[in-house]
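Please open the structure in a viewer and keep the selection panel at hand. The tour proceeds by selections, each followed by a description of what is found there.

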Amino acid sequence: MERDEVDKLMNDGNFCIAPWVHIQNTPEGVPQPCCIFKPNIIDGHTPRKLNDAFHGKEWGELRQRFLRGEQVKECDTCYNKEWLSKNDEKDLNTSTLLENISFREHLNDMWREDAVELINNPEIRDIDLAISNKCNYACIDCGVDRSSMWHAEEYDLDKIIPRVGAHVASFARTIKPDTGEPLIDSFEYADVDWSRVRTLRCIGGEPMIDKRYQEILGRIEIDKAHIIIVSNGSVPPTKSWTEVLDRAEKVLLMFSIDGIGELGEYVRYGLKMKRFTRNLQKWAEYIANHRNPESKFRYHYVAHAMNMLDIQNTYEYLLQFERLKENCGHFDLSFLHRPEYLNSAYFPDKTKEWILNRIKGELYEDRVRLHFSTNEYNPDHIDNFFKFSDFIESRRYTMPDDIVEVYERLMEDHVTERRSHVST
Ligand code: SF4
C-alpha cells in the first residue's frame, strides 16, 4: 500500500491501526487487540503467545475488516467516545487516560508516520502488558483476574452474586473460573522482540511490585520508548525504578485513587493513606524533573456506588501537592459501569437527588448528573449492592461512616421505591 491510500484509510472514521502494531497481553495469557475491544476475537480461555496471536488468522481477519472500511462493532467504545466528543457531550467513557480522544484516534496519531511500513508489514511495537495478576491491593471494583489478593474472596462471593464470567472494571474484563492458585501468570506468553517496542504500557496487577517489568524495560531501547505505568502508589521511586525510567524517552505515570482517608482505604483495600501520600510526593517530584518535560504524572479516580461523595474531597487532597510543573497532577475521573451493583446510575431517583444536593457546586456535579442519566433505578442491582457490601464488610472490616451514610440512605430509598412499585 502507498502513502496516499494509507492516508485515505486512516481518515475514513473507522480505521484503527491497532491490529498492525498494538496488542494487549492479559494476566491469563489471552491476547486481545486492545484493552477495550470486546468481545475478544479469540477464545478467552486459551492462552496464546503474543506473536502467534498477532500473526494468526484472527488478527489477519480483523485487519481485513478495517481495510474494507468496516465499522467494527467490537470497537464501539472508541466510536461512541468520538461521537460523544463531537456532539459536545461530556465524556462518559471509562478509559480516560486520553481525555477527549478515543484510543483509536490516539493510536492512529501515534503511528501515523510508520503506518505505511506497518500496514505492509505488521509488527508488535506497542504493548499493553499485564504479565500477572500479582497485586498487594484488593480494590472493591477489581477481581481475581487482576489481583491475586482477591482469590480468597472471589469464589465465595460467586456463591452469593454472579462473579465468574461477569464483567468487572466496567466492560473491560470478565472473571475466569478458579485456577486453584491466587497467582495467574502469563510472562512466558509475552514473546516479543523487545528491541522493536516503542510504547510499553505496564498494567498489572500492580506493575511496581513485579520486578520482571524492570527486566523487560532493560530489554527495550528505552531511550526511544514511551513508558506508561498504571500504579496503586504503594511503591516509592526506588533506585531500581528510577535508573531505568531516567533513560526513557517519555514517562506517563498514573496513580489510581478512588477516595481518601478511611473511605479510600476501604474501597482500595490495601491502601495506606500515609504511605500513598509519601510516595505520591516523591513520584510527582521525580516526574516533574524528568529529562523530558513532556513526561506526565496523573491521577485516576473511578467513581462507583461507594465513593460518589468523595470526588471533590479527593481532588482537593491532591491539590495540596504543589503542581510542580504543568505536566503533573491531571485528575481523570471515570464512572464504573460494571459490575452493575456498583454502578450508581442504578440508584433510586431519590438517592441520586440526595447525592446531587450533597455535591451541589462541586467541580464534577455535571459529570455525576450526566452519569446518573445513563440508567434508571434497578432494584435487582441494588439488592446485589447490599449483598456485595455485606459480604465485603464481613470478610474485611467495618465500613467507614462515609460509606455507611450512603448505604443507609440507599436502603431507605430502595425500600420506599420497592414498596411503591408493589402497590402500583
Ligand atoms: S478502534 Fe478502539 S477498540 Fe477497536 S482496536 Fe482500535 S483502539 Fe481497540
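Which residues of the largest nonpolar core touch the most other members? In this predicted model, select I17, L50, L129, L200 and I227: within a core of 107 residues, these touch the most other members.

Keep L200 selected and display its contacts. Leaving aside residues up to four places away in sequence, L200 touches I127, L129, I220, A225 and I227. Two of the residues just listed, L129 and I227, also appear with L200 among the core members that touch the most others.

Next, select the ligand and the 13 residues around it. The nearest of them are C16, C34, C75, C78 and R104. Colour this shell by class: eleven of its residues are nonpolar, one is polar and one is charged.

Now show the helices about the ligand. Helix α5, residues 76–86, and helix α6, residues 103–111, each supply at least two residues of the shell. The largest share comes from α6, which provides three residues.

Finally, move to helix α11, residues 261–267, and select E265, which lies in it. Is E265 buried or partly exposed? E265 is partly exposed, because 17 other C-beta atoms lie within 10 Å, whereas a buried residue would have 20 or more. Its contacts, not counting residues up to four places away in sequence, are L271, K272 and M273. To end, draw a distance between the C-alpha atoms of E265 and P177: the separation is 28 Å, for two residues 88 apart along the chain.

Conventions: Residues are numbered from 1 along each chain as its sequence is written. This is a predicted model: local features need pLDDT of at least 70, side-chain atom pairs count only at pLDDT 80 or more; totals for chains, interfaces and linings use all residues. A residue is near a molecule or strand if its C-beta atom, placed from the backbone, lies within 6 Å of it. Helices (H or I, at least four residues) and strands (E, at least two) are DSSP runs, numbered from the N terminus. Ala, Val, Leu, Ile, Met, Phe, Trp, Tyr, Cys and Pro count as nonpolar, Asp, Glu, Lys and Arg as charged, and the others, Gly among them, as polar. A residue is buried if 20 or more other C-beta atoms lie within 10 Å of its own, exposed if 12 or fewer, and partly exposed in between; C-beta atoms are placed from the backbone. Two residues are in contact if their C-beta atoms, placed from the backbone, lie within 7 Å. A nonpolar core is a set of buried Ala, Val, Leu, Ile, Met, Phe, Trp, Tyr and Cys residues joined through C-beta atoms within 7 Å.
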